[in-house]
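Biologist: I am new to this one, and I would like to understand the labels people put on it. Could we look at it together and ask what earns each label?

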Amino acid sequence: MSHTTTIAIVDDDQAIREALDDLVQSCGYDSVLFASAEEYLAYDKREAIDCMLVDVKMPGLSGIELQAVLNKEQHKPPMIFMTSYRDDRTRAAAMDGGAFAFLGKPVDINKLLGFLESALRPVN
Amino acid sequence: MVAGAGAFLRGQGSLQHDLVIGLIALILLLTVFYVDAFTKIEGAIAVLYVIALLLLSEVVTRRALMAMAILCAALAIFAFLFSHGIDPGIQPTLRLTVSLAALAITTALLLRNDTFRSELLASNAALRESEGRYRSIFDNTKVALWEHDYSRVRSHLMELKLQGVTDLRVHVRSNPGAATQCMDMISTVAANEAAYELLGPHAGDGGPGTLRRYVASDDETFIDLMQAILDGAEHFEGKGTVTTDGGEKRLVLLSIGLPDDASTFNRVVVGMIDITQREMTQKALNEAQAELTRAARAATVGALSASLAHELNQPLGAIGVNAQTLLRWLDRDPPDLAAVRKSAERIIRDGQRASDIIQNTRSMLTQNTNESEWIDLYALIDETTRLMEHDLQRDAVVVDIHRNTRIPSVKTVRIELQQVLINLMTNAVQAMSSVDAAPRTIVIDVAPRTDEIVSIVVRDNGPGIAADARDKVFAPFYTTKASGMGMGLSICRSTLEARGGKLEGYNHPEGGAVFEITLPLEDLHE
């Protein structure tokens with residue numbers, strides 16, 4: 001590997017952010033934390049992001065809206081969505097936008113780690 | 001001759017009777033004249049003309065009477081001159097003077113009598129007319145009128161007053177038969193058509209004790225009426241229950257004008273309007289309103305539990321992630337104990353946060369009583385904003401609370417005021433969701449309006465109240481939302497009004513809708 005794997009965590013809740021941060025680090029990955037979609041878009045080293053864990057409902061741009069913005073860009077890291085609202089419409093919107101996975105909160109850690117691993121597996 | 005006589009007659013008795021009286025008077029007149037003029041009887045014979053005048057006054061008109069009086073005087077003077085010549089002497093002159101005086105006085109008295117009589121007749125006719133008019137009103141009005149004789153009960157009450165009774169309720173409590181005793185002293189004099197319709201076919205039956213059929217002896221309004229009579233009140237109004245002849249209970253509005261004059265208490269009119277239907281409608285309305293308030297409260301509880309679930313989901317989710325991460329740190333070889341400690345500390349912190357949320361919710365729910373309490377408005381607004389945090393965050397709405405001055409506490413029902421605030425803020429959030437222009441802001445401004453009134457203004461920067469909606473926003477079932485019931489603002493307004501407050505809605509000159517709550521600083525409803 002040329003660089004350490006970096007995961008972006010975008011969630012408006014600080015407790016969740018910190019918990020995910022710790023989890024990702026326990027797996028040996030690096031992490032960058034963002035409290036909102038806008039904060040993520042303002043981040044200048046987005047090229048280095050390998051995967052994103054994104055909350056759907058956030059003040060300002062939602063996770064889905066963030067996905068739409070990123071889809072117009074060159075660099076599109078796989079996105080794993082997490083939400084407390086498991087409505088089918090949002091799920092469909094996320095999946096149509098090319099989401100890697102759509103998970104309900106509270107997050108099933110094993111599932112999350114499984115998706116994370118397969119998202120990071122180099123495509124041969 | 002009969003026709004000629006007719007012109008002078010009053011025409012009140014039969015013509016024959018009048019003619020007989022006239023004839024007798026005429027014979028008397030001629031007899032007196034004959035005796036006065038042609039016999040030597042000394043004395044004031046001419047005085048006897050007054051008898052003829054008295055008789056005639058019964059049958060002839062004023063004019064004819066005056067003409068007759070002048071004729072009598074002329075005859076007396078003629079007889080005097082005829083029998084005494086030019087030099088009559090003192091005695092006969094005195095006698096003539098007495099006679100003429102008697103004639104003049106009698107005529108004057110008769111004329112005055114006649115004036116009085118015609119005045120009496122006129123006023124009697126007016127009285128009859130007014131009585132007739134009153135009867136026609138009494139009979140034809142739609143208000144049930146019931147005439148009672150209160151004279152006996154009034155004297156009885158006045159006696160009680162002399163004995164020192166001032167409060168009849170107290171008196172009745174210590175003398176259980178007193179109310180019935182009063183009721184038995186009242187008898188019905190008359191009832192109009194509407195009263196028969198209301199009470200039944202026996203409404204007009206007289207006799208003492210008849211009232212007891214219609215009014216319960218422990219009826220409080222009856223005692224109040226008796227109290228009004230005892231106090232010498234001029235008017236009595238009240239709500240009472242009557243039982244009709246058919247055994248049905250009707251709620252009536254009573255209105256009784258009590259006379260000033262003790263002697264007219266024998267005919268007191270009791271006006272009754274049947275309000276049974278109205279009261280029932282009012283009751284149904286109140287029940288519907290209460291039902292809607294309960295529904296609105298249930299909706300608030302629903303919103304509350306959704307917000308609670310969402311709020312708890314965050315720390316609980318974090319705890320789950322932290323606990324599993326902790327296990328991963330432990331499973332390492334060697335275990336990363338410093339990381340384990342950090343995870344455990346996060347679990348404790350998030351657990352505390354979850355517990356705080358539950359604590360706050362519980363304290364909010366235990367305040368769910370209908371009792372008024374002193375409320376710090378700023379604290380309540382802060383608490384409500386926290387409760388709404390989820391909705392506000394979701395729509396990216398900023399709440400700006402203006403804390404201009406120190407606001408005295410208001411006394412009102414906390415949960416009610418909070419529901420109103422939640423409703424207004426939810427409306428504001430929804431109104432602004434259609435507007436893209438950022439930032440979406442709710443301004444809450446608390447300020448004393450006067451010494452007695454404090455106002456809470458909730459203003460948004462949404463599209464404002466549409467012109468055609470301005471008059472309707474507070475009307476029940478009016479809504480601009482696809483899923484709305486249209487009860488929110490209507491209930492808010494009546495909730496506030498029940499506590500002496502107000503709710504008004506208008507547009508801000510710089511745009512956006514303004515809803516203004518005003519509350520009395522002293523709760524008048526306690």
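Modeller: Here we go through salt bridges, the contact between the chains and the nonpolar cores, keeping in mind that this is a predicted model.

Biologist: Let's start small. What makes the pair B:R117 and B:D114 a salt bridge?

Modeller: The rule asks for a side-chain nitrogen of Lys or Arg within 4 Å of a carboxyl oxygen of Asp or Glu. For B:R117 and B:D114 the N to O distance is 3.9 Å, so the pair meets the rule. Both residues sit in helix α5 (residues 90-140) of chain B, three residues apart, about one turn of the helix.

Biologist: Why is B:D114 called buried, and why does B:R117 get the label partly exposed?

Modeller: Buried means under 20% relative accessible area. B:D114 has 10% relative accessibility, so it counts as buried. B:R117 has 32%, which lies between the 20% and 50% limits, so B:R117 is partly exposed.

Biologist: And how do you know that B:R169 and B:D224 tie together separate parts of the sequence?

Modeller: Their side chains meet in a salt bridge at 2.9 Å, N to O. B:R169 belongs to helix α7 (residues 168-174) of chain B and B:D224 to helix α10 (residues 220-230) of chain B, so the bridge links parts 55 residues apart in sequence. B:R169 is partly exposed at 33%, and B:D224 is partly exposed at 28%.

Biologist: What makes B:R250 partly exposed rather than buried?

Modeller: The limit for buried is under 20%, and B:R250 has 21% relative accessibility, so it counts as partly exposed. Its salt-bridge partner is B:E248, with the closest N and O atoms 3.0 Å apart. At 46%, B:E248 is partly exposed as well, because exposed would need over 50%.

Biologist: How many salt bridges does the rule find over all chains?

Modeller: The count is 24. Across the interface of chain A and chain B there are four.

Biologist: How do you know that B:R346 and A:E18 form a salt bridge?

Modeller: Their closest N and O atoms are 3.5 Å apart, and the cut-off is 4 Å, so the pair qualifies. Between chain A and chain B there are also eight residue pairs in polar contact. On the side of chain A that touches chain B, α1 (14-26) and α5 (109-120) each supply at least two residues. The most come from α1(A), with nine residues.

Biologist: How many residues does each chain bring to the contact, and what area is buried?

Modeller: Chain A brings 23 residues and chain B brings 23. The buried area is about 1,900 Å², with 50% of it from carbon and sulfur atoms. In chain A, A:D22, A:S26 and A:I109 lose the most area to chain B, together 25% of what that side buries.

Biologist: Last topic, the interior. Which residues touch the most other members of the largest nonpolar core?

Modeller: That core has 41 residues, and B:I442, B:I456, B:L503 and B:I517 touch the most other members. Among the elements of chain B that each supply at least two residues are α13 (377-394), β7 (397-403) and α14 (414-433). The largest share is from α14(B), with nine residues.

Biologist: What does B:L503 touch, leaving out residues up to four places away in sequence?

Modeller: Its contacts include B:L424, B:F474, B:L489 and B:I517. A second, separate core of 39 residues includes B:L198, B:Y214, B:A228 and B:V270.

Definitions and conventions: Residues are numbered from 1 along each chain as its sequence is written. Chains are lettered from A and ligands numbered from 1 in the order in which they are written. This is a predicted model: local features need pLDDT of at least 70, side-chain atom pairs count only at pLDDT 80 or more; totals for chains, interfaces and linings use all residues. Side-chain values use heavy atoms; hydrogens and water are left out. A nonpolar core is a set of buried Ala, Val, Leu, Ile, Met, Phe, Trp, Tyr and Cys residues joined through side-chain atoms within 4.5 Å. Buried means under 20% relative accessible area, exposed over 50%, partly exposed in between (1.4 Å probe, protein chains only). Helices (H or I, at least four residues) and strands (E, at least two) are DSSP runs, numbered from the N terminus. Contact means heavy atoms within 4.5 Å. Buried area is the accessible area (1.4 Å probe) that two parts lose on being put together, summed over both. A polar contact is a pair of N or O atoms within 3.5 Å; within protein, one must be able to donate a hydrogen and the other to accept it, and residues adjacent in sequence count only if both atoms are side-chain atoms.
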